[in-house]
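Reader: I'd love a close look at one part of this protein, the nonpolar core and what surrounds it. Could you walk me through it?

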Amino acid sequence: MLTRIKTVVRLSSFLRNPFSFLFARSGKEERIAAYVIREHERGRPLAEILDDPYVRNRATPQELARLLDRPEVIRALGETNVEAERLRLP
């Protein structure tokens, strides 16, 4: 019975917004964003953080570009720093 209720709930969620998966953020992206913000708050420059093996091994250039578009990252790092790194990305 409980499984059937969960299925109905998921189906109704999907029917309300069938394209929500297009805008969902992955847990991986959340962790990378948290890492970048935390390291920047410790005083490290953004270019150095983005060159860390932790970031390079977990994010493609496209994912890094998305990361630099996130409002919380822009707020934490500053528009000037983020724009400079956007220009540096391939």
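Author: Happy to; here is a walk from the whole chain into the core and then out to two individual residues.

A word on the ground rules: this is a predicted model, in which local features need pLDDT of at least 70 and side-chain atom pairs count only at pLDDT 80 or more, while totals for chains, interfaces and linings use all residues. Residues are numbered from 1 along each chain as its sequence is written, and side-chain values use heavy atoms, with hydrogens and water left out.

The chain has seven helices and zero strands; helices here are DSSP runs of H or I with at least four residues, strands are E runs of at least two, and both are numbered from the N terminus. Of the 90 residues in the chain, 28% are buried, where buried means under 20% relative accessible area, exposed means over 50%, and partly exposed lies in between (1.4 Å probe, protein chains only).

Now to the part you asked about. The largest nonpolar core holds 18 residues. By nonpolar core I mean a set of buried Ala, Val, Leu, Ile, Met, Phe, Trp, Tyr and Cys residues joined through side-chain atoms within 4.5 Å. At least two of its residues come from each of α2 (27–41), α3 (46–50), α5 (61–67) and α6 (71–77), and α2 gives the most, with five. In soluble globular proteins, nonpolar side chains tend to be buried together.

The residues with the most contacts inside this core are Val-36, Leu-50, Val-55, Leu-64 and Leu-67. Take Val-36: setting aside its neighbours within four places in sequence, Val-36 is in contact (heavy atoms within 4.5 Å) with Leu-46, Ile-49, Leu-50, Val-55, Leu-67 and Leu-77.

Asp-52 makes a good next stop, in the loop between α3 and α4 (53–56). Asp-52 counts as buried because its relative accessible area is 11%. Beyond its neighbours within four places in sequence, Asp-52 is in contact with Tyr-35 and Arg-44. With Tyr-35 there is also a side-chain polar contact of 2.5 Å; that term covers a pair of N or O atoms within 3.5 Å, and within protein one must be able to donate a hydrogen and the other to accept it, with residues adjacent in sequence counting only if both atoms are side-chain atoms.

Finally, look at Ala-65 in helix α5. Its relative accessible area is 30%, so Ala-65 is partly exposed. From Ala-65 to Pro-90 is 25 residues in sequence and 9.3 Å in space, C-alpha to C-alpha.
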